[in-house]
Amino acid sequence: MLWVDAPTGLAGDMLLAGFIDLGVPLSVIEEPLHRLGFAGCYCIDVIEDRSGGLRGRRLSVTSLKTQPSNRHWSEIQRQIIGAPLNSLLKDRVLAVFTALAEAESIAHGIEMNALHFHEVGTVNAFVDVVGVCAALEQVNPEWICCSPLPTGRGTVSTAHGLLPVPVPAVLELARRYRVPLQQTNDSPNGELVTPTGLALMAVLADCFAPPFIFTPESIGVGLGHLRLDRPNLVRLILGSSESDVANAPLGQAVIVQEAWIDDATPEDLALLMERLREAGAIDVAIHPLIMKKGRCGHGVMALVDDAHAVAVRHVWLDTSSSLGLRERRQGRWLLPRRMGLLDTQWGLLPAKQVKRPNGHLTVKLEADELGLLSRRTGCSLADLRATAATAPFSSEEKWMW
């Protein structure tokens with residue numbers, strides 16, 4: 001597992017410096033850059049330095065050749081697709097640049113086919129994106145967690161002039177990928193999260209919350225160039241959790257949001273459940289209650305992750321009859337699972353396979369499919385489940401939690 005701890009935000013060069021500090025050789029970063037045609041176009045300088053009294057590595061990229069002031073998105077796309085890179089690395093690099101292109105396109109109201117990159121199209125951006133993706137391939141963590149990101153405040157000077165912080169591309173990336181951003185009264189002035197840094201994490205990270213249970217094993221620290229009133233750094237913490245062991249469940253922190261309601265009709269409650277799920281709730285449940293004055297009411301509970309907590313909270317406060325809600329943090333454990341197909345006497349049927357801690361594999365037909373099959377065949381649900389348990393299962397999906 002890799003935890004990207006970004007207390008003062010992140011940028012591509014900070015992430016790359018952190019990977020180098022973690023032990024990734026410079027050759028791993030430069031080899032794919034050369035395959036992309038950048039040999040002799042840049043120089044990477046990595047130094048041991050301090051920020052706010054804490055050590056780390058600071059990375060700088062110097063361009064050795066004159067670079068165009070802007071580059072067309074289609075040109076960058078062709079360059080990546082045509083490069084002799086392995087498929088995983090190429091897909092990741094292309095996904096990051098595509099995320100950037102989509103965000104810039106929407107932020108500036110320009111069709112992607114007509115989009116020109118400024119800062120993002122430079123050799124520095126290629127070093128950051130390709131370098132981080134290559135380093136990640138070298139480290140090869142099972143799971144990537146990134147902390148919620150502080151945006152900073154004020155303005156920043158760009159090729160488009162003076163822009164507010166967070167810049168439009170950062171806001172659009174956060175919206176599209178549901179990345180939680182933080183802005184507090186003591187946030188430093190300046191751009192703490194760059195579009196390149198956010199695009200890398202938006203594409204590569206599995207979640208934006210600290211790991212639930214985690215044992216650090218090695219730490220890489222990347223320092224930023226912006227001078228702040230506190231250490232400006234990103235910590236890449238590589239470690240193990242119980243979930244890294246084969247067949248082990250994943251520990252995950254979740255938020256429980258709950259309200260007791262005694263003045264809603266069944267139709268109101270059904271609509272509330274639907275809207276909570278649409279806003280991103282993992283699951284919603286209702287149970288009956290006897291409330292004050294002997295009134296019959298309902299306890300409504302939503303299970304939410306950090307990325308959707310605010311959106312779901314607004315549903316409660318905007319659309320329910322409740323005057324408030326309660327929140328608490330809890331942990332949950334998830335078993336590895338994957339979707340696939342069961343080869344049964346009735347044909348191929350969608351099913352979910354689960355891996356138990358003891359290594360035993362169990363399979364379960366999708367409930368809707370099971371009901372349709374029962375009506376079509378006349379077989380009981382119990383008989384269909386017994387048959388499914390022994391049917392061959394096939395899947396091309398990776399195990400997920």
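I count two strands as paired if DSSP finds at least two bridges between them. Helices (H or I, at least four residues) and strands (E, at least two) are DSSP runs, numbered from the N terminus. The model is predicted: local features need pLDDT of at least 70, side-chain atom pairs count only at pLDDT 80 or more, and totals for chains, interfaces and linings use all residues. Residues are numbered from 1 along each chain as its sequence is written, and side-chain values use heavy atoms, with hydrogens and water left out.

**Entry 1: a hairpin**

I looked up strand 16 (residues 283-290) and strand 17 (residues 296-304). They run antiparallel and are joined by 8 bridges. Ile290 stands opposite Cys296. The two strands make a hairpin with 5 residues between them. In the turn I noted Lys293, with a positive phi of about 60°.

**Entry 2: the open sheet**

Next I traced an open sheet of 4 strands. Its order is 21-20-19-22 and the pairing is antiparallel. Strand 21 (361-365) and strand 22 (393-394) are at the edges; each has a single partner strand, so one side of each lacks a neighbour in the sheet. I found 2 bridges between strand 19 (residues 337-344) and strand 22. Across this pairing, Leu342 stands opposite Phe393.

I then stopped at Leu341, also in strand 19. Is Leu341 buried, exposed or partly exposed? I use buried for under 20% relative accessible area, exposed for over 50%, and partly exposed in between (1.4 Å probe, protein chains only). At 36%, Leu341 is partly exposed. Its C-alpha lies 5.5 Å from that of Ser394, though 53 residues separate the two in sequence. For contacts I take heavy atoms within 4.5 Å. Beyond four places in sequence, Leu341 touches Leu348, Leu349, Pro350, Pro392, Phe393 and Ser394.

**Entry 3: salt bridges**

The structure holds 15 salt bridges. The criterion is a side-chain nitrogen of Lys or Arg within 4 Å of a carboxyl oxygen of Asp or Glu. I looked at several.

Asp5 and Arg235 meet at 2.5 Å, N to O. The pair links distant parts of the chain: Asp5 is in strand 1 (residues 2-5), Arg235 in strand 14 (residues 233-240), 230 residues apart. Asp5 is buried at 9% relative accessibility. Arg235 is partly exposed at 36%.

Glu31 and Arg35 form a salt bridge with their closest N and O atoms 2.2 Å apart. Both are in helix 2 (residues 26-35), 4 residues apart, which puts about one helical turn between them. I read 38% relative accessible area for Glu31 and 42% for Arg35. Glu31 is thus partly exposed, and Arg35 is partly exposed too.

Arg57 meets Glu48 at 3.7 Å, N to O. Salt bridges with shared partners join Asp21, Glu48, Arg55 and Arg57 into one network. Arg57 is partly exposed at 28%, and Glu48 is partly exposed at 45%.

**Entry 4: Ser147**

Where is Ser147? I found it in the loop between strand 6 (144-146) and strand 7 (149-150). Ser147 is buried, at 7% relative accessibility. Its side chain reaches the backbone nitrogen of Ala6 at 2.9 Å. My criterion for a polar contact is a pair of N or O atoms within 3.5 Å; within protein, one must be able to donate a hydrogen and the other to accept it, and residues adjacent in sequence count only if both atoms are side-chain atoms. Leaving out neighbours within four places in sequence, Ser147 contacts Trp3, Val4, Asp5, Ala6 and Phe208.

**Entry 5: two helices**

How many residues of helix 7 are buried? In helix 7 (residues 195-204), 9 of 10 residues are buried. Among them are Pro195, Gly197, Leu200 and Leu204.

I checked the length of helix 8 (residues 266-278). The expected span is 1.5 Å times one less than the number of residues. For 13 residues that gives 18 Å; the end C-alpha atoms are 19 Å apart, which agrees. The buried residues of helix 8 are Leu269, Leu272, Met273 and Leu276. Down the axis they fall within an arc of 100°, so they line one face of the helix. The arc is taken from the directions from the helix axis to the C-beta atoms. On the other side, Glu267 and Glu278 are exposed. Gly280 follows helix 8, with a positive phi near 120°.
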